[in-house]
Amino acid sequence: MNSGIIGGELFPRNIGVILVQQRILDALNHQRSTTPPVWFMRQAGRSLPEYKKAREGIAMLDSCLMPELAAEITLQPVRRHDVDAAIFFSDIMVPLRLAAVGVDIQPGVGPVLDSPVRTARDIAALPAPTFDDASMIAEAISLIRAELTPEKTLLGFAGAPFTLAAYMVEGRPSKDHLRARALMHSDPDTWDKLLTWCATVSNLFLHVQIDAGAQAVQLFDSWAGSLSRETYARHVLPYSTQALENVTVPRIHFGTNTAHFLDLMAEGVEAVGVDHRLPLDEAARIVPDTVLQGNIDPALLFAGADTLHAHALDIVRRGLAAPAHIVNLGHGVPPTTDPGVLTELVAYLHSLDTDKLIG
Ligand code: 1CP
């Protein structure tokens, strides 16, 4: 190896590969770092004042299609909190917009479709599940990778077909997703066509992000917990598998209230998300070979530093039962969260040494 002397020190020169520890990617490869890796769902946007300022006067879905703005919002929480991953600022509804489906995200409401999709005729009227132009997504991802320091991981994501369909059938957010859950039983053929359409656009969306530089991806099935195990296995899981088809980077599969089919969600992925209802050591008993992500109760962000630290420490200890563990919340950052609490929580987690917690 070439080497030279500077200030009397021998230093290596022309190193072909510089090895940088990427705590999140290492964890997804079953390599536990002694410092717990952490990022937060919905860290981009929501509680940050710099996000609210950057978005002023710009509609949510429009902001997702503006590369410089999407890159900036993605990077804001990494700069502020020093989390180990950036999650691409976008939305599970973006692929619908890219496929020319009439959809908007209304402030204070959430996703609203021009026409709900409930019958065979509605499905036939959907545009083809392809994107005319997704270059703005690729451009945003390239901008983020260029800015992100090498020890941080860029996560891409997509909505799982069931969670997407829950919005498409209902036409707007709903509590219990009754219409979608009825449709899969009353008209399985129409359900199959709708879920295949959703799986196709989510899969495309993931591939655009991966091709542009996303290093791992998360599939969000936020509402899957409303289903029984049997219904999930029969009417939902095959399409989530399809959404992840040919994905060559590590995959995280996220849902809430999914203890009763966590083993099914773990099939074919590297990691599963666990919400605050299921202790991580119990999750590790259900899926012993799968990396776990979670599961700080978002409510504890409002409980004061001492209580939050004790809760986070307990979670890190329980996470030692898994092959590796990525700290996260059980669900997204609540909009009213004090950003300072998140920054301080990251610093606390990064001050821990898991080697000292064993035994
Ligand atoms: O006006 C605003 O600021 C809009 C709020 C907002 C934001 C910041 C929405 C509307 N979406 C997003 C960004 C977003 N959405 C991200 C960005 C990256 C991050 O920081 O995590 C991600 C990953 C999502 C994914 C998403 N959108 C999910 C799955 C995750 C989850 O929290 O369960 C879901 C269910 C959506 C739909 C959606 N988009 C927006 C809202 C308010 C909702 C939920 C509405 C509901 O059904 O209650």
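Let me start with E139, which is partly exposed because its relative accessible area is 40%, a value that falls between the under 20% that would make a residue buried and the over 50% that would make it exposed. Please keep in mind throughout that we are looking at a predicted model. On the chain, E139 belongs to helix α7, which covers residues 135-147. If you go from E139 to R79, you cross 60 residues in sequence, and in space the two C-alpha atoms are 20 Å apart.

Let me put another residue of that middle class beside it, namely R181, which sits in helix α9, residues 178-186. R181 counts as partly exposed because its relative accessibility is 26%. Its separation from H235 is 54 residues in sequence, while from C-alpha to C-alpha the distance in space is 9.6 Å.

Now to some residues that are covered by the protein. C198 is part of helix α10, which runs over residues 188-212, and since its relative accessible area is 0%, C198 is buried. With Q242 there is again a gap along the chain, this time of 44 residues, and the C-alpha atoms of C198 and Q242 are 9.7 Å apart in space.

S63 gives us a buried residue with a contact that we can follow on the screen. It is found in helix α3, residues 60-64, and S63 counts as buried because its relative accessibility is 0%. From there, the side chain of S63 reaches the backbone oxygen of M60, at a distance of 2.6 Å. While we are on helices, it helps to recall that an α-helix has 3.6 residues a turn, so residues three or four places apart point the same way.

For a strand, please turn to T153, which lies in β6, residues 153-159. T153 is also buried, because its relative accessible area is 0%, and its side chain makes a polar contact with the side chain of Q22 at 2.4 Å.

How many residues of helix α8 are buried? This helix, residues 161-170, is mostly covered, and the count is 10 of its 10 residues. Among them are P161, F162 and T163, and also Y167 and E170, and I would ask you to remember Y167, because this residue is also one of those that come nearest to the ligand, in the definition where a heavy atom lies within 4 Å. Just after α8 comes G171, which takes a positive phi of about 90°.

That brings us to the ligand itself. Which residues come nearest to it? There are 22 residues around the ligand, and of these R42, D91, Y167, S222 and H331 come nearest. Sorted by class, this shell holds 15 nonpolar, 4 polar and 3 charged residues. Several polar atoms can be picked out at the ligand, and I will take three of them in turn. A polar side-chain atom of H331 is 2.7 Å from an oxygen atom of the ligand, and in the side chain of Y51 an N or O atom is likewise 2.7 Å from a ligand oxygen. With Q43 the backbone takes part instead, as one of its polar backbone atoms is 3.1 Å from an oxygen atom of the ligand. As for coverage, the ligand taken alone exposes 890 Å², and the protein buries 85% of that. The space that the ligand takes up is the largest pocket.

Finally, let us look at the backbone. Most residues other than glycine have a negative phi, and most peptide bonds are trans. Against that background, where do we find a cis peptide bond? One joins G294 and N295, with omega at about -20°, and N295 lies in strand β10, residues 291-296.

Two more asparagines deserve a careful look for their phi angles. N246 has a positive phi near 60° although it is not glycine, and its place is the loop between α12 (237-243) and β8 (251-255). Is N246 buried or exposed? It counts as exposed, because its relative accessibility is 62%. N257 also has a positive phi near 60°, and this residue is in the loop between β8 and α13 (262-265). Here the class is partly exposed, because the relative accessible area of N257 is 37%.

How values were computed:
Residues are numbered from 1 along each chain as its sequence is written. This is a predicted model: local features need pLDDT of at least 70, side-chain atom pairs count only at pLDDT 80 or more; totals for chains, interfaces and linings use all residues. Side-chain values use heavy atoms; hydrogens and water are left out. A polar contact is a pair of N or O atoms within 3.5 Å; within protein, one must be able to donate a hydrogen and the other to accept it, and residues adjacent in sequence count only if both atoms are side-chain atoms. Accessible areas come from the Shrake-Rupley method with a 1.4 Å probe; for residues, only the protein chains shown count as cover. On a 1 Å grid over the protein atoms alone, a cavity is a set of points where a 1.4 Å probe fits but cannot get out, and a pocket is an open set with protein on both sides within 12 Å along at least five of seven lines; lining residues have an atom within 4 Å of a point. A molecule sits in a cavity or pocket if more than half of its atoms lie within 2 Å of its grid points. Ala, Val, Leu, Ile, Met, Phe, Trp, Tyr, Cys and Pro count as nonpolar, Asp, Glu, Lys and Arg as charged, and the others, Gly among them, as polar. Helices (H or I, at least four residues) and strands (E, at least two) are DSSP runs, numbered from the N terminus. Buried means under 20% relative accessible area, exposed over 50%, partly exposed in between (1.4 Å probe, protein chains only).
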